[in-house]
Each structure stands twice: as structure tokens, then as C-alpha cells.
Amino acid sequence: MAEFKTNPEIVQPENVVYKRTELLTPKDLSYCPGCGHGTAHRIIMEVIEEMGIQSETIAVAPVGCSVLAYEFMNVDIQQASHGRAPAVATAIKRLFPDKFVFTYQGDGDLAAIGTAETIHACNRGENITIFFINNGIYGMTGGQMAPTTLPGMKSSTSPYGRDVATMGNPLKMTELVATLPGTLYVTRQAVHTPSAVRKAKRAVRKAFENQKLNKGLSFVEIVSNCNSGWKMTPLQSNEWMVDNMFPFYPIGDIKVNDDK
Amino acid sequence: MKELRLMKGNEAFAEACIRAGADGYFGYPITPQSEVMEYLMAQKTHERTGMVTLQAESEIAAINMVYGGAGCGKRVLTSSSSPGISLKQEGISYIAGAELPCLILNVVRGGPGLGTIQPSQSDYFQSTKGGGHGDYKLIVLAPASVQEMADFAGLGFELAFKYRNPVLILSDGAIGQMMEKVLLDVQKPRFTMEEIRKNTPWATIGKTPDRDHNIITSLDLESIKMEQHNHELQKKYRAIEENEVRYEKFSCEDAEYAFVAYGTSARICQKSIELARAEGIKVGLLRPITLFPFPKKAIKEMTSKVKGILCVEMSAGQMIEDVQLAVEGRVKVEHFGRYGGIVHSPSEIVEALKKQIIGG
Ligand SMILES: Cc1ncc(C[n+]2csc(CCOP(=O)(O)OP(=O)(O)O)c2C)c(N)n1
Ligand code: SF4
Ligand SMILES: [Mg+2]
């Protein structure tokens, strides 16, 4: 039988196998327990720590549940108005071409109100990274329909399910930006299992490494859950995500640069 | 050495921005101010001084680019005309809330709606009373010549950084489009990294081990903190009112009547003064140069000398409300406006003076 270590033993430096990255502030995350935002924050910050680029990084937070990302991400960070993060990031990167600049945005922020800013930053080939947290809903404002809400999916503004005849079809923003010559790397990931987290983290790393190439924008979608908005337990929401979101938003690379 | 040139107002402004050490311009075309970006592009600012000039996808994107650049402690600006400035209002409110320095030029055209491309002064309320949401103030400079279009670029950046506040230059289609001679300042260097670090320690330029991470935001979910933030903003606006009032007087020494007018209207009033004085009417002019802070005291003081004040505006009557507040009913205050893109003639202003103030 394996020998279990006691709590005081576990925290001894020689026994530590994993610890919270210093690039997350010690503040308690404001996200609902089980929400994917926290894991997405963590892997981005871990990559920045591993690359040793904290002092070279400038982030842009959105309006959405992750508006408070600036409380948790221990890098210099600006909070943009709803949807405009890619415009904010564009200016930062143009003024500091050697810095690593990224935005972190939800689906309402990026694919509804900020559609123009997203498409044009991608089309100009801004040398930044966009992280797109797609949970198919407006989490922050209490679960309204998002542009990414699935057909038939219930939300507070589609209480009988999304009727595509009157409410339109879900917008596949990631496939859309992949068609633009300005994007260098476009991928869709998830963070619901340890193996998905590992893959997503590799994508995050590649997206940051790409900024050294100066060849265009890297776009990383993370399909995520919103257990509160979907009115499910965290576990149910992850299962529902696998069964319903993944068929519509298939996980994997959509456009890959082979420079690295 | 300073340089004398013959230029359009819009071009003089653009050239002066380069010379003031601007780091970035972000804009979207709209008449009558498109020459600003056209001039900057033609100048290849990136080669000339390292200044970034970028045509954005919309005025909304442009003002948010300004937010991003300003949050990094850079000298950044945008320019537009009335409908475009309306689109920028949410962004301007964020910039004011986050206390970022920047320069915004509005070359005003007639409205409402798409209105006309001809000059107007109908954005006074929007510029001086808020414009966007929330309790905030812009510092508002009103140029009346091509020379001031140039001078207010440097002055605007100076005030913006002194108070960490957006500065709006409220011009109009006439001043933007007309050509006059202009004396241009010598080239100022752009900020160095060391200067940014020292002068704007709040700027997001990469967290170093010697300090906490910098955050640019206008948000605080705790109302008590938000109220405190608003108190601080109001304190700043009072300090601006205390220190930064600028105005100019013409022929006021012996004046029995006065015009109050800014920008193009003030230029026309100077001609009206000549005409009126030739007829023996002693009239002077007070020209506010800052619209916020408004020269309330100077206008109030004038009421001990003049019998009546005519506000001349290319609007249906906006600045007159501030004049009335300053005058507090001591003397008669009337408004004479042409609008929708029409510019007053000097003689019709004299007629209005006779009819509304002297005879009335
Ligand atoms: C101009 C403007 N319009 C609307 C809002 C209200 N609002 C705040 S967050 C949000 C939706 C955010 O949804 P999403 O981007 O999907 O982020 P999530 O909370 O799901 O992570 C909306 C509509 C706002 N703050 N500003
Ligand atoms: S509302 Fe949804 S997206 Fe927001 S924190 Fe909760 S679970 Fe996450
Ligand atoms: Mg969402």
C-alpha cells in the first residue's frame, strides 16, 4: 500500500509537486465554483511564468465575468470597454512591439458587441494573442442568449430555446477568423479534463511563442462551461458541454503555422 | 527653430502633434477633418519620429486604441467630427473614469444626425457637460485660428498629463478647413521609457519586481470606493477650474455692450466690433478659450461695466446657459445663433446687437 504523507509533510519544499503560480495573485477567484474561467486564467499565467515574460506582458481584460481578471492576473493589465479589447491591445502592441500583448474575452464580448474589433484586429494581423472563452451564454449579466448559444438552448432571453428562424444561428467566430490572412494560428481547446488542460496549455504556449515571430495574430478559443448560467451542477455542465457544445464547436487546431 | 508655414487648420494640428512628441494617432475618416490622418500618413510619421498612425475600423475602435495607448503612458490622440465624436462617448467616459491623458479633436459640423458637413458649434453641450455617461469633465479648448489649432496640440498634451484627464479641442469646420499662416514649434522628443517609468508610474508597460502590477480600469464594484473615486475626480475638476481658465478680451476697456463668443463666432465678432464702432456703438468681446473650465468670473466681472451681453454661437443656444449662470441676472443676456452649417455675417450680428440688446 502506498504511503500517504501528512499535511505538514506535503508542504515541505522537497515534497511539493505542484503549486499555484505566483502569477496569479493570492486573491480568491470571483468565479462560480466549477467554472472554466479559473482554469483558463491559471494555464495562461503558468505559461507566462514558464516563459519568464511577466515583465514583458501587458494584458487586456474584457467586460464579462472575467472583467475582474485584472484582480487575479499578476501582470500589467488594462480593463477595456465591452468588446473593444482587440482595439485596446492593437494600440498597446503597436506602441510596444516587443511586449507580449493578449486579450481575454467572453463570447458576448468578442462575438457580439466586439465583432468588428475582433475581425479587424485579426485582419490587420496584429501580432497579439486573443483568448476567447466561449461558454455559449452571457454569464455576467445573468444568463442571456449569446451569439454562440446553441440552437434550441435555453437562456433567460431565449426561455423556450434558441429559435434559429428568429434568433439566428450560432456564430462560429473561430472558423471565421481562420479564413483571414492576418491570423497565424487558430485553435479551439477546452479545460474540462486534465488531458484537455495539458493540450490547451500547449496551445497557449504556442500562441505566446508566435508573438516572437511577428507574423500575425494567434487566436485561442476555449470552449467552457457556465454552470450557473446553464443552471446545472459543475459536473453536469461539463458533461453537457461534451455532449452538446463539442459537436458544434469541435476541439482541435483550425489553422496552424508550422514555424514552431 | 520655429517655422512659419501656410496651412489648413487640420494640417497645422496634425503637424503640431508630431512636433509635440505624439506617440500615436488613431482615427476614422469623416469630413471636415479627414486631413488630419491624411497629413499624418503622408508624413510617414513612423519614419519621421516613430509615431504610430493607424486608420481604425471605426471611431469606437479608434477611441479604445487611444485608451490602450494612454494607459501605457504614451502621448496619444484621435480626431473626428460630430457623428464620430458621438460614437466615441463611451470610450471617452472610460478614459475619464480611468484618469488617462489624451487628446481628442472635434472639428464640429452641423447636426443633428448626419446633419451637414458645414461648420457648426452645436456640440458645446456634449463637450462641456459630459457627453458620455457618468459625472466627468473634459478640459475643453476652443481654437479660433489655425495658429491655435497648432498651439493647442502642445498645450493639450501638457494639460492632459498634468491632470491625467482627456483634453478635447473643440474646433469647427471653418477653422479646420481654412488656411492661415502658422508659426510651428520645434520638434519635441517623444517620451523615453525612463520618462514614462518616472512620470507615469501607473502606466501598464510590464510589471517589474520593484512594484505591484499596474491596473488601468474605471470599475469598482464597491459603491463606497466608487463614491470616493468620484470625490477625487470632482476635486480634480475644481482644481482645473481654479487654475486653468483661459480667455481673451477685445475692445472691452470702454465697452457698454459685450459679445461672448468662442472659435469661429469670436473671429466674426471681431469684425462686427469694427462695424459697430464705426457707427459709434461701444461693444467689446470676451472670447472663452477654455470652455471647461468656463471663464465665469471674468464674465461676472464684466457685468459691472456693460449693459447687456449678446452670445453669438453657431448653435441654437448652448454656451448661453453658462453665460447666464455667470451673469446671475445682473444684465440682459441674449442669444444670436445661426446653425445647421450657416455661419453668421458680421453685419447681421451688429443688427442683432441693436435689436436684441440695445433697443430691446
Ligand atoms: C456597452 C455595454 N453593453 C452591455 C453591457 C452589459 N454586459 C456586461 S457583461 C455582458 C455579457 C458578457 O458575456 P460574455 O462576454 O459571454 O462573458 P461571460 O460573462 O459569459 O464570461 C454584458 C451584455 C456592458 N457592460 N456594456
Ligand atoms: S456565471 Fe458562468 S461564466 Fe460567470 S463565473 Fe459563474 S459559471 Fe463562470
Ligand atoms: Mg459568455
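**Note on the ligand sites, the magnesium ion and the shared sheet**

1. A polar atom of the A:Asn135 side chain stands 3.1 Å from an oxygen atom of ligand 1. Taken by itself, ligand 1 would expose 590 Å², and the protein buries 77% of that area. These values, like the others below, come from a predicted model, and they should be read as computed from its atoms.

2. Two further polar contacts of ligand 1 can be set beside the one from A:Asn135. A polar side-chain atom of A:Asp107 is 3.1 Å from an oxygen atom of ligand 1, while in the case of A:Cys65 a polar atom of the backbone is 2.8 Å from an oxygen atom of this ligand.

3. As to its surroundings, ligand 1 lies between chains A and B, and of the 17 residues around it, those that come nearest are A:His37, A:Cys65, A:Asp109, A:Gly139 and A:Met140. By class, the shell around ligand 1 is made up of six nonpolar, eight polar and three charged residues. Helix H5 (107–113) and strand S5 (137–138), both of chain A, each contribute at least two residues to this shell, and the largest share, four residues, is that of H5(A).

4. The magnesium ion (ligand 3) is coordinated by A:Asp107 through OD, by A:Asn135 through OD1 and by A:Ile137 through O, at distances of 2.1 to 2.6 Å. Along the sequence these donor residues follow the spacing D-x27-N-x1-I. A:Asn135 has a relative accessibility of 7% and A:Ile137 one of 2%, so both count as buried, the limit being under 20%. It may help to read this point together with the first two, since A:Asp107 and A:Asn135 each also place a polar side-chain atom 3.1 Å from an oxygen atom of ligand 1.

5. Which residues surround ligand 2? They are A:Tyr31, A:Cys32, A:Cys35, A:His37, A:Cys65, A:Asn135, A:Gly139, A:Cys226, A:Asn227 and A:Ser228. This shell holds five nonpolar and five polar residues, and no charged ones. A:His37, A:Cys65 and A:Gly139, which are listed around ligand 2, are also among the residues that come nearest to ligand 1.

6. An open sheet of eight strands draws on both chains, in the order S9(A)-S7(A)-S8(A)-S4(A)-S3(A)-S1(A)-S2(A)-S9(B), and its pairing is mixed. Its edges are formed by strand S9 (252–255) of chain A and strand S9 (215–216) of chain B, each of which pairs on one side only. Within the sheet, strand S1 (residues 57–61) and strand S2 (residues 76–79) of chain A are paired in the parallel sense over four bridges, and A:Ile58 stands opposite A:Asp76 in S2(A).

7. In chain B, two arginines deserve a look. B:Arg19 belongs to helix H1 (residues 9–19) of chain B and is buried, its relative accessible area being 9%; a polar atom of the B:Arg19 side chain lies 2.8 Å from the backbone oxygen of B:Asp185. B:Arg109 sits in the loop between strand S5 (102–108) and helix H7 (124–128) of chain B, and at 6% relative accessibility B:Arg109 counts as buried. The C-alpha atom of B:Arg109 is separated by 8.3 Å from that of B:Thr31, although the two residues are 78 residues apart along the chain.

Technical notes:
Residues are numbered from 1 along each chain as its sequence is written. Chains are lettered from A and ligands numbered from 1 in the order in which they are written. This is a predicted model: local features need pLDDT of at least 70, side-chain atom pairs count only at pLDDT 80 or more; totals for chains, interfaces and linings use all residues. Side-chain values use heavy atoms; hydrogens and water are left out. A residue is near a molecule or strand if one of its heavy atoms lies within 4 Å of it. A polar contact is a pair of N or O atoms within 3.5 Å; within protein, one must be able to donate a hydrogen and the other to accept it, and residues adjacent in sequence count only if both atoms are side-chain atoms. Accessible areas come from the Shrake-Rupley method with a 1.4 Å probe; for residues, only the protein chains shown count as cover. Ala, Val, Leu, Ile, Met, Phe, Trp, Tyr, Cys and Pro count as nonpolar, Asp, Glu, Lys and Arg as charged, and the others, Gly among them, as polar. Two strands pair if DSSP finds at least two bridges between them. Donors are N, O and S atoms within 2.8 Å of the metal (3.2 Å for Na, K and Ca); water is not among the atoms, so sites may look incomplete. Buried means under 20% relative accessible area, exposed over 50%, partly exposed in between (1.4 Å probe, protein chains only).
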